[in-house]
Amino acid sequence: MQGIRPFIGELPSGSVIAFSPGDILVSNIRPYLKKIWHADSKGGASPDVLVLRPNRKVVLPEFLFYSLRRADFFEFIMKDVKGIKMPRGKKQHILRYSVLVPNPSIQQSIVAQVKELEQEIRTRESKLHELSEKRSRIISDFLA
């Protein structure tokens with residue numbers, strides 16, 4: 001994923017926020033860019049990233065991620081920001097965002113459906129890429 005890279009070196013103490021698989025990371029700077037990631041590994045984030053750790057007894061991390069990935073969440077953040085050039089969401093405001101949390105079986109069903117659709121999107125994007133390359137080769141061969 002863009003924006004995620006291995007770090008080599010020593011970190012200044014207190015400048016990194018640890019995250020774990022299942023956590024949800026939300027960029028706090030320029031929230032209108034809608035940067036959000038469902039962590040699949042351990043790591044550390046800059047203080048400009050909010051690390052949300054779902055209570056797994058209440059909500060599936062994937063379900064919460066899909067709930068927060070929506071435009072409504074980022075519009076909510078933008079209602080209370082500080083700064084103009086580089087607006088920053090206010091943590092206390094962001095934490096007031098409410099998510100409807102259905103029972104676990106419904107959460108699982110929704111997650112399964114979304115994952116299935118995401119796989120279909122990846123498959124079609126791959127096919128589109130192949131067709132685009134094929135078109136380029138045909139045009140190049142024809143014009144050569």
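User: What makes E2 and E5 a pair of strands in this predicted model?

Analyst: Two strands pair if at least two bridges are found between them. E2 and E5 are joined by four bridges, in the antiparallel sense, so the criterion of at least two is met. Among the bridge partners, Val26 is matched with Leu50 in E5, and Ser27 with Val49 in E5.

User: How do you know that E2 also pairs with E3?

Analyst: The same reasoning applies. Three bridges join E2 to E3, and these strands run antiparallel; pairing requires at least two bridges. One position to inspect is Leu25, which stands opposite Trp37 in E3.

User: Why are E3 and E5 called edge strands?

Analyst: The sheet is open and consists of three strands in the order E3-E2-E5, with antiparallel pairing. E3 and E5 each pair on one side only, and they are therefore the edge strands. From one strand to the next, the twist averages 15 degrees.

User: What makes both faces of E2 count as covered?

Analyst: Ile24 and Val26 lie on one side of E2, Leu25 and Ser27 on the other, and all of them are buried. Buried means under 20% relative accessible area.

User: Why is H1 described as largely enclosed by the rest of the structure?

Analyst: Seven of the eight residues of H1 are buried, so H1 is largely enclosed. The buried residues are Pro61, Phe63, Leu64, Phe65, Tyr66, Ser67 and Leu68. They pack against E2, strand E3 (36–38), E5, H2 and H4.

User: How does H1 lie relative to the strands?

Analyst: H1 lies across E2, E3 and E5, and runs at about 165 degrees to E3. Angles run from 0 to 180 degrees between N-to-C directions, so a value of about 165 degrees falls toward the upper end of that range.

User: Why is the contact of Asp23 and Arg53 called a salt bridge?

Analyst: The N to O distance between the side chains of Asp23 and Arg53 is 2.5 Å. The cut-off is 4 Å between a side-chain nitrogen of Lys or Arg and a carboxyl oxygen of Asp or Glu, so the pair qualifies. Asp23 lies in the loop between strand E1 (17–19) and strand E2 (24–27), and Arg53 in the loop between strand E5 (49–52) and helix H1 (61–68); the salt bridge therefore ties together parts that are 30 residues apart in sequence. By this rule the count comes to six salt bridges.

User: Are Asp23 and Arg53 buried or exposed, and how do you know?

Analyst: Asp23 has a relative accessible area of 2%, and the limit for buried is under 20%, so Asp23 is buried. Arg53 stands at 55%, and exposed means over 50%, so Arg53 is exposed.

User: What makes Lys90 and Asp80 a salt bridge?

Analyst: The closest N and O atoms of Lys90 and Asp80 are 3.0 Å apart, which is within the 4 Å limit. Lys90 lies in the loop between strand E7 (88–89) and helix H3 (91–94), and Asp80 in the loop between helix H2 (71–78) and strand E6 (81–82), so the pair ties together parts that are 10 residues apart in sequence. Lys90 has a relative accessible area of 33% and Asp80 one of 23%. Partly exposed covers the range between the buried limit of 20% and the exposed limit of 50%, so both residues are partly exposed.

User: How do you know that Arg124 and Glu120 are separated by about one helical turn?

Analyst: Arg124 and Glu120 are four residues apart in helix H4 (residues 104–143), which means a separation of about one helical turn. Their side chains meet in a salt bridge at 2.5 Å, N to O. Arg124, at 58% relative accessibility, counts as exposed, whereas Glu120, at 36%, is partly exposed.

User: Why are the phi values of Arg30 and Lys34 worth noting?

Analyst: Most residues other than glycine have a negative phi. Phi of Arg30 is near 50 degrees, a positive value in a residue other than glycine. Lys34 has a positive phi of about 60 degrees and is not a glycine either. Arg30 is found in the loop between E2 and E3, and Lys34 lies in the loop between E2 and E3 as well. Arg30, at 31% relative accessibility, counts as partly exposed, and Lys34, at 43%, counts as partly exposed too.

How values were computed:
Residues numbered from 1 in each chain as written. Predicted model: local features only at pLDDT ≥ 70, side-chain atom pairs only at ≥ 80, totals over all residues. Heavy atoms only, no water. Helix = DSSP H or I, 4+ residues; strand = E, 2+ residues; numbered from the N terminus. Buried < 20%, exposed > 50% of the residue type's maximum accessible area, 1.4 Å probe, protein only. Contact = heavy atoms within 4.5 Å.
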